[in-house]
Amino acid sequence: MRDRYYRLQDAADLPPQAVMVRIRQGDSALLASIPGDAEEVESAPDLALFRAALLRLQQNLAAVFILLDDPAHWHADWGDLVDYRVTRKNGKPALRFAQLPASPQRNNPEPVRR
């Protein structure tokens with residue numbers, strides 16, 4: 001199964017519980033970084049995507065989002081890149097990226113009796 005990534009048009013659209021990888025053209029090669037990561041070093045995109053996948057698993061995040069300076073920078077062998085705008089409905093993120101509301105039962109240790 002191929003990896004799936006979601007393309008952002010703007011970093012401000014990053015949903016909560018997600019990690020973002022920014023890919024840009026450097027002087028001689030493509031460079032990628034994970035903004036907000038403690039290491040925040042620029043590296044080869046495939047390495048940054050691997051690190052983002054590890055962060056996603058370690059922190060139980062929903063998905064990896066990609067911010068590209070130029071759509072032509074994406075390499076198909078990295079995985080499938082899906083436009084995040086397609087996963088939005090009525091201006092709101094798709095359910096799989098939305099935060100679920102807190103359940104009143106989670107805050108109530110006693111079982112509900114009927």
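**Note on the predicted model: sheet, cores and side-chain pairs**

1. **A parallel pairing.** Strands β2 (residues 18-25) and β4 (residues 63-68) run parallel, and 6 bridges join them. This is a predicted model. Within that pairing, Arg22 has Leu67 of β4 as its bridge partner. Arg22 returns below, in a salt bridge with Asp69.

2. **The sheet as a whole.** β2 and β4 belong to an open sheet of 5 strands. The order is β3-β2-β4-β1-β5, and the pairing is mixed. β3 (30-33) and β5 (80-83) are the edge strands, each pairing on one side only. From one strand to the next, the twist averages 35 degrees.

3. **The helix on the sheet.** Helix α1 covers residues 45-58. It lies across β1 (4-8), β2, β3 and β4. Its direction is at about 175 degrees to β2.

4. **The largest core.** Which elements give two or more residues to the largest nonpolar core? They are β2, β3, α1 and β4. The core has 17 residues. Those with the most contacts inside it are Val19, Val21, Ile23, Leu49, Val64, Ile66 and Trp74. The largest share comes from α1, with 4 residues. In soluble globular proteins, nonpolar side chains tend to be buried together.

5. **Another core.** Apart from the largest core lies another, of 8 residues. Its members include Tyr6, Ala18, Ala63 and Phe65. Two of these, Tyr6 and Phe65, also form an aromatic pair, described in point 8.

6. **Trp74 and its contacts.** Trp74 is among the residues with the most contacts inside the largest core. What does Trp74 touch, leaving aside its neighbours within four places in sequence? The contacts are Tyr5, Ile23, Leu49, Ile66, Leu68, Gly79 and Leu81. Ile23, Leu49 and Ile66 are also listed with Trp74 among the residues with the most contacts in that core.

7. **Trp74 with Tyr5.** The structure holds 3 aromatic pairs. Tyr5 and Trp74 form one that is edge-to-face, with centres 5.5 Å apart and 65 degrees between the planes. The edge-to-face label applies because 65 degrees is over the cut-off of 60. The pair links distant parts of the chain: Tyr5 sits in strand β1 and Trp74 in the loop between β4 and β5, 69 residues apart. Both residues are buried. Tyr5, Trp74 and Trp78 form one aromatic cluster.

8. **Tyr6 with Phe65.** This aromatic pair is tilted. The centres are 5.5 Å apart, and the planes make 35 degrees. Tyr6 is in strand β1 and Phe65 in strand β4, so the pair links distant parts of the chain, 59 residues apart. Are these two rings buried or exposed? Tyr6 is buried, because its relative accessible area is 7%. Phe65 is buried too, at 0% relative accessibility.

9. **Salt bridge from β5 to the N-terminal segment.** The count of salt bridges comes to 3. In one, the side chains of Asp80 and Arg2 meet at 2.9 Å, N to O. Asp80 is in strand β5 and Arg2 in the segment before β1. They are 78 residues apart, and the pair links distant parts of the chain. Asp80 has a relative accessible area of 32%, so it is partly exposed. Arg2 also counts as partly exposed, at 43%.

10. **Salt bridge from Arg22 to Asp69.** Here the N to O distance is 3.1 Å. Arg22 lies in strand β2, and Asp69 in the loop between β4 and β5. The two are 47 residues apart. Asp69 is partly exposed at 45% relative accessible area. Arg22 is partly exposed at 30%.

11. **Salt bridge from Arg24 to Glu42.** Where does each partner sit? Glu42 is in the loop between β3 and α1, and Arg24 is in strand β2. The closest N and O atoms are 2.8 Å apart. In sequence the residues are 18 places apart. Glu42 is partly exposed, with a relative accessible area of 40%. Arg24 counts as partly exposed because its value is 23%, and buried means under 20%.

Conventions. Residues are numbered from 1 along each chain as its sequence is written. This is a predicted model: local features need pLDDT of at least 70, side-chain atom pairs count only at pLDDT 80 or more; totals for chains, interfaces and linings use all residues. Side-chain values use heavy atoms; hydrogens and water are left out. Two strands pair if DSSP finds at least two bridges between them. Axes are lines fitted to C-alpha atoms, for helices over the stretch in contact, and angles run from 0 to 180 degrees between N-to-C directions. Contact means heavy atoms within 4.5 Å. Rings of Phe, Tyr and Trp (its six-membered ring) pair if their centres lie within 6.5 Å; planes under 30 degrees apart count as stacked, over 60 as edge-to-face and the rest as tilted. Buried means under 20% relative accessible area, exposed over 50%, partly exposed in between (1.4 Å probe, protein chains only). A nonpolar core is a set of buried Ala, Val, Leu, Ile, Met, Phe, Trp, Tyr and Cys residues joined through side-chain atoms within 4.5 Å. A salt bridge is a side-chain nitrogen of Lys or Arg within 4 Å of a carboxyl oxygen of Asp or Glu.
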